[in-house]
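Let us take a walk through the side-chain contacts of this model. Please keep the viewer open as you read.

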Amino acid sequence: MNVAIVGASGAVGQEFLRVLAERDFPIDNLLLFGSSRSAGTKYTFRGKEYTVKLLQHNDDFKDVDIAFTSAGAGTSKEFAADITKYGAVMIDNSSAFRMDDDVPLVVPECNAEDALTRPRGIIANPNCTTIMMVVALQAFEKLSHIRRVRVSSYQAASGAGQAAMDELFEQYRQVLAGDPVTVEKFAYQLAFNVIPQIDVFQDNGYTKEEMKMYNETRKIMHSDIETSAMCVRVPALRSHSESIWIETERPVSVEEARRAVEEGEGLVLMDNPAEKEYPMPLFLSGKDPVYVGRIRKDLSHPNGLTFWLVSDQIRKGAALNAVQIAEYLVRTGNVK
């Protein structure tokens with residue numbers, strides 16, 4: 001199995017290396033690619049040193065079986081033809097192809113089989129907030145069809161990359177030292193603040209991030225589900241959180257919902273309010289599952305449930321989900 005990582009020096013690229021090693025993914029040859037800034041950088045994987053190559057329009061992907069790409073939508077669009085030219089499966093972590101009709105958008109817990117039909121050789125990894133939400137929704141969908149979702153996300157600095165995490169650290173230091181605060185990665189200072197905007201605003205008043213949650217959820221779940229989202233950047237370092245309200249076709253009890261989470265794939269129930277046990281990003285960074293708590297009936301609707309979830313968006317929201325897709329392809333014999 002020949003595997004390539006495009007964007008190897010980024011936060012998700014580095015997580016790819018960790019996840020592939022932890023899960024003992026079958027790799028005979030590993031190729032790392034990056035921009036001119038990262039070309040020449042060396043990384044150690046399973047005791048062997050690898051050098052990042054400059055991504056170019058050439059035949060470097062001729063013998064590659066699976067290519068994980070996480071270098072931005074522009075790079076994915078520019079190099080997709082080079083990557084897939086000789087039959088490599090491109091599992092793309094950007095937004096470049098997510099809503100294309102001929103590109104499957106896959107969360108293995110929900111729609112793994114979609115990865116088998118890929119006319120262009122590309123499989124899209126969904127947006128991180130969508131991934132963690134649909135893993136939970138899938139468990140409840142099995143109980144009763146979900147008609148509507150209302151979600152507020154609380155997204156950590158890590159969602160904007162390593163440089164954003166570094167900036168948050170520096171902002172806290174600057175504020176506490178009484179120094180001028182550096183603001184580059186976000187529209188405003190994030191330390192001691194929350195920012196109710198992630199990505200650019202659309203004509204309907206929603207941001208692009210919020211519209212991703214609407215459109216991607218429907219495509220992944222093959223459903224007419226309606227989702228209304230409010231996405232907020234919070235001064236947590238890593239792991240996103242979401243408050244979710246769902247409306248199902250029939251009333252679903254709290255007991256049914258808790259059992260569905262306990263039995264659901266990729267989910268961990270952490271729901272004991274009496275002992276103040278519920279998911280929090282501070283304690284769940286670096287973990288694989290989606291953690292669910294605060295499950296309760298919605299007081300405003302007889303068919304409503306509300307709950308809280310937390311997941312590490314660099315792992316399940318990005319690298320882990322992509323690797324799980326690749327594992328499914330290998331397991332089903334669907335790699336070139």
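Arg238 and Asp312 are both buried in this predicted model. The two side chains form a salt bridge, with 2.7 Å between the closest N and O atoms. Their pairing links distant parts of the chain, the two residues being 74 apart. Arg238 sits in the loop between β10 (226-233) and β11 (240-248), while Asp312 belongs to the loop between β14 (304-311) and α9 (315-331). Why do both count as buried? Each is described that way because the term covers residues under 20% relative accessible area.

The pair does not stand alone: salt bridges with shared partners join Arg238 and Asp312 into one network with Glu15, Arg18, Glu22, Arg23, Asp288, Arg315 and Glu327. How many salt bridges does the structure hold? The count is 24. As a general point, side chains of opposite charge can pair when their charged atoms come close.

Here are three of the bridges, side by side.

| Salt bridge | N to O distance | Separation in sequence |
|---|---|---|
| Arg238 and Asp312 | 2.7 Å | 74 residues |
| Asp59 and Lys85 | 3.7 Å | 26 residues |
| Arg173 and Glu170 | 2.7 Å | three residues |

Turn next to Asp59 and Lys85, whose side chains meet in a salt bridge. This pair, too, links distant parts of the chain. Asp59 lies in the loop between β5 (53-54) and β6 (66-69), and Lys85 lies in the loop between α2 (73-84) and β7 (89-92). Asp59 has a relative accessibility of 41%, so it counts as partly exposed. Lys85, at 54%, counts as exposed.

Arg173 and Glu170 make their salt bridge within a single helix, α5 (residues 162-177). Because the two are three residues apart there, about one helical turn separates them. Both partners are partly exposed: Arg173 has a relative accessible area of 41%, and Glu170 has 30%.

Now for the aromatic rings. The model contains six aromatic pairs. One of them is Phe45 with Tyr50: the ring centres are 6.4 Å apart and the planes stand at 65°, so the pair is edge-to-face. Phe45 and Tyr50 are both buried. Another ring, that of Tyr86, has a charged neighbour, since Lys62 lies over its face at 5.7 Å from the ring centre.

Is Ile146 buried or exposed? Ile146 is buried, with a relative accessible area of 0%. Its place is in strand β9 (residues 146-155). Leaving aside residues up to four places away in sequence, Ile146 touches Leu137, Phe140, Glu141, Ser223, Ile225, Ile246, Glu247 and Thr248. Glu15, a member of the salt-bridge network, is 131 residues from Ile146 in sequence and 33 Å from it in space, C-alpha to C-alpha.

The surface offers a contrasting stop. Which residues form a nonpolar patch there? Tyr278, Met280, Leu282 and Phe283 do, and together they have about 430 Å² of accessible area. Phe283 is found in helix α8 (residues 281-284). With a relative accessible area of 54%, Phe283 is exposed.

Technical notes
Residues are numbered from 1 along each chain as its sequence is written. This is a predicted model: local features need pLDDT of at least 70, side-chain atom pairs count only at pLDDT 80 or more; totals for chains, interfaces and linings use all residues. Side-chain values use heavy atoms; hydrogens and water are left out. Rings of Phe, Tyr and Trp (its six-membered ring) pair if their centres lie within 6.5 Å; planes under 30 degrees apart count as stacked, over 60 as edge-to-face and the rest as tilted. Buried means under 20% relative accessible area, exposed over 50%, partly exposed in between (1.4 Å probe, protein chains only). A charge sits over a ring if NZ of Lys or CZ of Arg is within 6 Å of the ring centre and within 35 degrees of the ring normal. Patches are made of residues with over 30% relative accessible area and no salt bridge: like charges are joined within 9 Å, nonpolar side chains (Val, Leu, Ile, Met, Phe, Trp, Tyr) within 5 Å. Accessible areas come from the Shrake-Rupley method with a 1.4 Å probe; for residues, only the protein chains shown count as cover. A salt bridge is a side-chain nitrogen of Lys or Arg within 4 Å of a carboxyl oxygen of Asp or Glu. Helices (H or I, at least four residues) and strands (E, at least two) are DSSP runs, numbered from the N terminus. Contact means heavy atoms within 4.5 Å.
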